[in-house]
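Reader: I would like a close look at a single part of this model. Please keep the answer connected and brisk.

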Amino acid sequence: MNTKALITLEYDKIIKKLETFASSTMGKKLCKDLLPSSDYEEILSAQTETKDALTRLYKTGYLSFQGLSDIRPHLRLLEIDSTLNQKELLEIARLLSITAQAVEYGDTEDEVLAYDSLNSYFGELDPLEFLYQRITQCILSEDEISDDASSALKDIRREIKQTNISIHNKLTSVINSQNNKTMLQDALITVRNGRYCVPVKTEYRNAFPGMIHDQSSSGSTLFIEPMAVVQLNNHLKELDIKEKMEIEKILQSLSAQAASCSRELEENQKILTKLDFIFAKAKYAKEYQGTEPIFNTDGIVDIKQGRHPLLDPKKVVPIHIYIGEDFNMLLLTGPNTGGKTVSLKTVGLFQLMGQAGLHIPAFQGSRLAVFSDIFADIGDEQSIEMNLSTFSSHMTNLVHILNEADPNSLVLLDELCGGTDPTEGAALAIAILDDLHTGKIRTVATTHYAELKMYAMDTEGVENACCEFNLETLSPTYRLLIGIPGKSNAFSISERLGLPDYIIEQARSQIDATAIDFENMLSELEKNKAEIEKEQSELYKTKQEIENLKNSLKEKQDDIKEKRDKMLRDAREEARNILEEAKEVADESIRKYHAWGQHPKQNNLKKMEAQRSDLRGRMSKLDKKLAYKAKKSSTISDPSDFKVGDSVFVTTLSLNGTVKEAANKDGDLIIQMGFLSSVVNYKNLELLAPEKAPKPQHQPKDRYSINKAATINPEINLLGNTVDEAIARLEKYLDDAMIAGLTSVRVVHGKGTGALRKGIHEYLRKLKFVKSYKLAEFGEGDAGVTIVTFK
């Protein structure tokens, strides 16, 4: 890739920005040295790494490489058996710390991340925990070695501490002595040349025994080491030497351990530097919302909603530009400052970024080609040093491009053949473009020449494009329109700025009629295009409204369905509660009737009548509760249709019955359902056909008993039934036994595993009319039979 295109298309600015996202000096250098590749597989690999790093940033967060330094010089020293100092060993420890963090970051249960292109990098890292632990245990900082680095060092430092205490004790007794107070300048202990001393007045130098180490600047004070501590100071000096020697041994040991792992350390640094570089690309892509382009080797470029990364993202207008399928050459025309050059640079810069493994700030699915080289001639390149005019400079570049470009190249030309006579410039531009077109070289060029617009319209494989201009505001919209040649709009702009009409008309008269027709045709095209876009916008809005209405209707339908289901559930639950209440009322009435029937007295008759009246009132209330769920009769619409003795079906209770009393003025009838009577409205009744009429109910023998005793068996056999089957049979049997007036019954369930007996006992425990239940006595069925006694 030629260097000139990199600078012209401002690729170097992209790289400088990329460097800021790398943490280490080595990572920054990789960013700085990044160049576009023309190897298809290499490009795909680089793009995949950037994409996978970006995915990890969004899913897992950032991986820090802060503090990663270049340890290669340290490793070179280790190769010649040199000893590293504390700072150098700590840098190795820091490298291992970052390595451990990276290994933890790469260890994920996410199936997508576990098999991405970065997983192999994380898998090859070796944290060397033993070496990291050893270094950090021994070295606390660049200036401090831990006491626990070795037992010898710990002993030496303990002895140093004890010696210091002894020296201070002796010096304290010296400065506190009454004999010495007059000779001392101050009662303090100081250090000179690494020896503990006391300040003595100069006139007492011969009277104070000791060694002189220093003198004050005024000469009035001598710093003398008392003879009493000379020996201790000498010993302290020896201990200092021993400490340094021991520290040197420790550093040698650590260096030897690091040397044995030099290959792993160098590999760790290489991988971490690479990861720092890859994640820098991902961080940069995240900042400008970049996406992975789709690469091809067919020379197809299709940039969707591309935004130049060096422009303000809040102001830049996205463009859709494409070339390489239906046409290989694109000519951009239109007024100055309309965005032609920016569009040109966007294509070239996106190609350079993509081929360098960087994502591009464009819509997902944008396509880029793999070009062997990109040539660009953009901007004013006048050279004073080489005595070249603007035209001459551009022509020099064009000569180079025409000599070097091939079908695998992309050529970008700004203001082709400008800066010279328009007629000659246009003719020369057409010839150059025709040569590039014949050579099948992908080319994007900008121009003001009307002749080039005609060339694009007449030549197959060449397409016009323009940058839209708003005449109302006299400003460009920066929208790129492919398929429509641009207008210069010079007359329109001049007219709106106030140039007199007669001057504009005179100018128009100087233009060839064909050119005027062409400009009028362009105006008509732009007008038609604006109308079509307006209609498309309205259609899109209408479509959106229809879609919103569909979604709203679906939401309402779902809401209605949900409410309906809830109402049904609530209704079923309420019905179940009402039926349970009705059953309890019936059970209670049966028990009372049975009890009163055993002792037939006049007051019991009154009680029974009162109970019957109360029962009727309760049933009436239950009827009203269930009325809204009742099924309307499809055949009966008048209460007079129901006659006494007719068989009917009570829809609210799902029971058969007989009309006992005809309807009153409100349409309420008294219906006999077995031993119960209830007030039911005619709307909740259905006549039963004669063949469907229920069998005649057993009528009571007398006022106190029911003729069930004649057929009821005092024992029920449930052997061989499941628990559910047994409970269903037992429930009906117990009701019949109560109606029959039995005081107790036998339930045969067998011994077996005991599951049936347990289920029956749990059911009996819940029945309010059961007084007690127990297993039968020995010889009467014992554990295989349960005796049930009613209240």
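Is glutamate 243 buried or exposed? Please start there and work outwards through its surroundings.

Author: Glutamate 243 is buried, at 18% relative accessibility. The cut-off for buried is under 20%. One caution before going on: this is a predicted model.

Start with the partner. Glutamate 243 makes a salt bridge with arginine 157, and the closest N and O atoms are 2.8 Å apart. The two residues sit on separate helices. Glutamate 243 belongs to α11 (residues 227–260), while arginine 157 belongs to α10. In sequence they are 86 residues apart, so the pair links distant parts of the chain. Arginine 157 counts as buried too, with 18% relative accessibility.

Arginine 157 has a second acidic partner. Its side chain meets that of aspartate 147 in a salt bridge of 2.6 Å, N to O. Aspartate 147 lies in the loop between β2 (144–145) and α10 (151–176). Here the separation in sequence is 10 residues. Aspartate 147 is partly exposed, with a relative accessible area of 39%. Side chains of opposite charge can pair when their charged atoms come close. The structure holds 21 salt bridges.

Now the sheet beside these helices. It is an open sheet of four strands in the order β3-β4-β6-β5, with antiparallel pairing. β3 (190–192) and β5 (210–215) stand at the edges. Each edge strand has a single partner, so one of its sides is left without a neighbour in the sheet. The twist averages 50 degrees from one strand to the next.

Look at the pair β4 and β6. Four bridges join these strands, which run antiparallel. Proline 199 stands opposite phenylalanine 223 in β6. Helix α10 lies across β4 and β6, and runs at about 10 degrees to β4. Helix α11 also packs on the sheet, where it touches β4, β5 and β6. The direction of α11 makes about 75 degrees with that of β6. The helices that carry arginine 157 and glutamate 243 thus share a sheet as a packing surface: α10 lies across β4 and β6, and α11 touches both of these strands as well.

The sheet has a salt bridge of its own. Arginine 195 pairs with glutamate 225, with the closest N and O atoms 2.9 Å apart. Arginine 195 lies in β4 (residues 195–201) and glutamate 225 in β6 (residues 221–226), so this bridge ties together parts that are 30 residues apart in sequence. Both ends are under the cut-off. Arginine 195 is buried at 10% relative accessibility. Glutamate 225 is buried as well, with a relative accessible area of 0%.

Next comes helix α12 (residues 262–287), which supplies 11 residues to the largest nonpolar core. That is the largest share of this core. The core has 93 residues, and those with the most contacts inside it are Phe122, Leu265, Phe279 and Leu412. In soluble globular proteins, nonpolar side chains tend to be buried together.

Take phenylalanine 279. Beyond its neighbours up to four places away in sequence, it touches residues including Ala53, Leu57, Tyr105 and Leu118. Phe122 is also on that list, as is Arg56. The length of α12 checks out. At 1.5 Å a residue, its 26 residues should span 38 Å, and the end C-alpha atoms are 37 Å apart, which agrees. Just after α12, glutamine 289 takes a positive phi of about 55 degrees.

One more sheet is useful for contrast. It too is open and has four strands, in the order β22-β23-β25-β24, but its pairing is mixed. β22 (715–717) and β24 (770–775) are the edge strands, each with a single partner. Neighbouring strands here are turned by 20 degrees against each other on average, direction ignored. Five bridges join β23 (residues 744–748) to β25 (residues 785–790), and these strands run antiparallel. Valine 745 has valine 788 in β25 as its bridge partner. Helix α21 (residues 723–740) packs on this sheet and touches β22, β23 and β25. Its direction makes about 170 degrees with that of β22. Helix α22 (residues 755–765) packs there too, touching β23, β24 and β25, at about 160 degrees to β24.

Back to the starting point. Glutamate 243 is buried, and its salt-bridge partner is arginine 157. Arginine 157 is also buried and meets aspartate 147 as well.

Notes: Residues numbered from 1 in each chain as written. Predicted model: local features only at pLDDT ≥ 70, side-chain atom pairs only at ≥ 80, totals over all residues. Heavy atoms only, no water. Salt bridge = Lys/Arg side-chain N within 4 Å of Asp/Glu carboxyl O. Buried < 20%, exposed > 50% of the residue type's maximum accessible area, 1.4 Å probe, protein only. Core = buried A, V, L, I, M, F, W, Y, C linked by side-chain atoms within 4.5 Å. Contact = heavy atoms within 4.5 Å. Expected span 1.5 Å × (residues − 1). Pairing = 2+ DSSP bridges. Axes fitted to C-alpha atoms, helices over the stretch in contact; angles between N-to-C directions.
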